[in-house]
Amino acid sequence: MRSIRLVTATAAALVCLGALSACGPDDNGGQDAGKTAAPAPSDGAPSAPAPSNGAPSGAAPSGAPTGAAKGIPAKAWMDTKSIPMDETYHYAPLAANAKPLTGVVQFKGMELCHAPVAKDDEYMFTGTAAAKASVGFGGDRWTAQQTLLFEGDPTHSSGTKQMTNLTDGHLTDALKGCAKTVPGATVKVTSGEGAPFFAAVLTVPQADGSTVTLHEYVVTDGGVVNELSVWATAKGGAQPKDAWKAPEDKYVGSGMSAPMCEALPGCDGR
């Protein structure tokens, strides 16, 4: 009799345990559902990080004029009021006339001095972004061209800064040595020793008997090499049609560097 009672009690206990495991504190099973349900989706997919305002991007910057070069922000180009002869010509905005460059960048000064980039040096003239913008009238009237080569942000790599300085050195050496590569060329460096820019006036004879008079400015800062060339071509020993008018070299240099350093990273403006 005692054995029967013990078996009955044990069976009852097992039934109770089964009932307890089948039921939770919430009879509708909400607690278990909460543990296994997938998280609710967010209202929208996360946006990609916005690019830094100073770094060039693959698309034209927001608000850039039509024709602005991809990769070089529109605000990196100098104000035409800082370009020599603008008082006479009222040049069109550079950003609106900018064209992206790919491959090895050929600076105007090196082109006129017949100093092409050597094969072993091509890596120095192929940057993260590059563009040029030309404005003016051509012939014996003054044309202005700015060329910007962005090697990269030197704050992330000391090698980028070194490469930028090497590129600058190759460019300015080509200008100083123009008389060696073009017979009859003359070079007068007008920037002082230790100036934060390079400036020179060159006359370069051409094969057709004409002569190019070139006013050349080079500013290098951070990871950017910035060239401004202003030139005119006159025939038979004549002078350019319009007399040269320009601010002091230092004002042209600062007019080149200020927007460049505002728009591109790693540039300290000195």
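**Close-up 1. Ring pairs link Tyr 89, Tyr 91 and Phe 137 into a cluster.** Keep in mind that everything shown in these views comes from a predicted model. Across the model, the count of aromatic pairs comes to four. One of them joins Tyr 89 and Phe 137, and it is edge-to-face because the ring planes stand at 70°, with the centres 5.1 Å apart. This pair brings together distant parts of the chain: Tyr 89 belongs to helix α3, while Phe 137 sits in the loop between β2 and β3 (143-150), 48 residues apart. Are the two partners buried or exposed? Tyr 89 is buried, at 6% relative accessibility, whereas Phe 137 is partly exposed, at 49%.

**Close-up 2. Phe 107 and Phe 125 make another edge-to-face pair.** Here the rings are 6.2 Å apart, centre to centre, with 65° between their planes. Where do the two residues sit along the chain? Phe 107 lies in the loop between β1 (98-100) and α4, and Phe 125 in the loop between α4 and β2, so the pair ties together parts 18 residues apart in sequence. Both ends are tucked away from the surface: Phe 107 counts as buried at 0% relative accessibility, and Phe 125 counts as buried at 1%.

**Close-up 3. Two side chains lie over ring faces, starting with Arg 141 over Phe 137.** Phe 137 turns up again here, having already appeared in the cluster with Tyr 89 and Tyr 91. This time the partner is Arg 141, which lies over the face of the Phe 137 ring at 4.5 Å from the ring centre. The other example features Lys 108 and Trp 231. Lys 108 lies over the face of Trp 231, and the distance to the ring centre is 4.4 Å.

**Close-up 4. Thr 164 is a buried residue in helix α5.** The helix runs over residues 158-176. How accessible is Thr 164? Its relative accessibility is 0%, so Thr 164 counts as buried. Look around Thr 164 and, leaving aside residues up to four places away in sequence, you'll find that it touches Glu 151, Thr 220, Gly 222, Gly 223, Val 224 and Val 225.

**Close-up 5. Met 85 and His 114 have positive phi values without being glycines.** For Met 85, phi is near 80°. Met 85 is found in the loop between α2 (30-36) and α3 (86-89). With a relative accessible area of 2%, Met 85 is buried. His 114 has a phi of about 55°, and it sits in the loop between α4 (108-112) and β2 (129-136).

**Close-up 6. Zooming back out, the protein chain has seven helices and seven strands.** In what order do they come along the sequence? The pattern reads α-α-α-β-α-β-β-α-α-β-β-β-β-α. Of the chain's 270 residues, 40% count as buried. Take the contacts between residues at least 6 apart in sequence, and 60% of them join residues at least 24 apart. The exposed area of the chain is about 14900 Å², with carbon and sulfur atoms supplying 55% of it.

Notes
Residues are numbered from 1 along each chain as its sequence is written. Side-chain values use heavy atoms; hydrogens and water are left out. Helices (H or I, at least four residues) and strands (E, at least two) are DSSP runs, numbered from the N terminus. Buried means under 20% relative accessible area, exposed over 50%, partly exposed in between (1.4 Å probe, protein chains only). Contact means heavy atoms within 4.5 Å. Accessible areas come from the Shrake-Rupley method with a 1.4 Å probe; for residues, only the protein chains shown count as cover. Rings of Phe, Tyr and Trp (its six-membered ring) pair if their centres lie within 6.5 Å; planes under 30 degrees apart count as stacked, over 60 as edge-to-face and the rest as tilted. A charge sits over a ring if NZ of Lys or CZ of Arg is within 6 Å of the ring centre and within 35 degrees of the ring normal.
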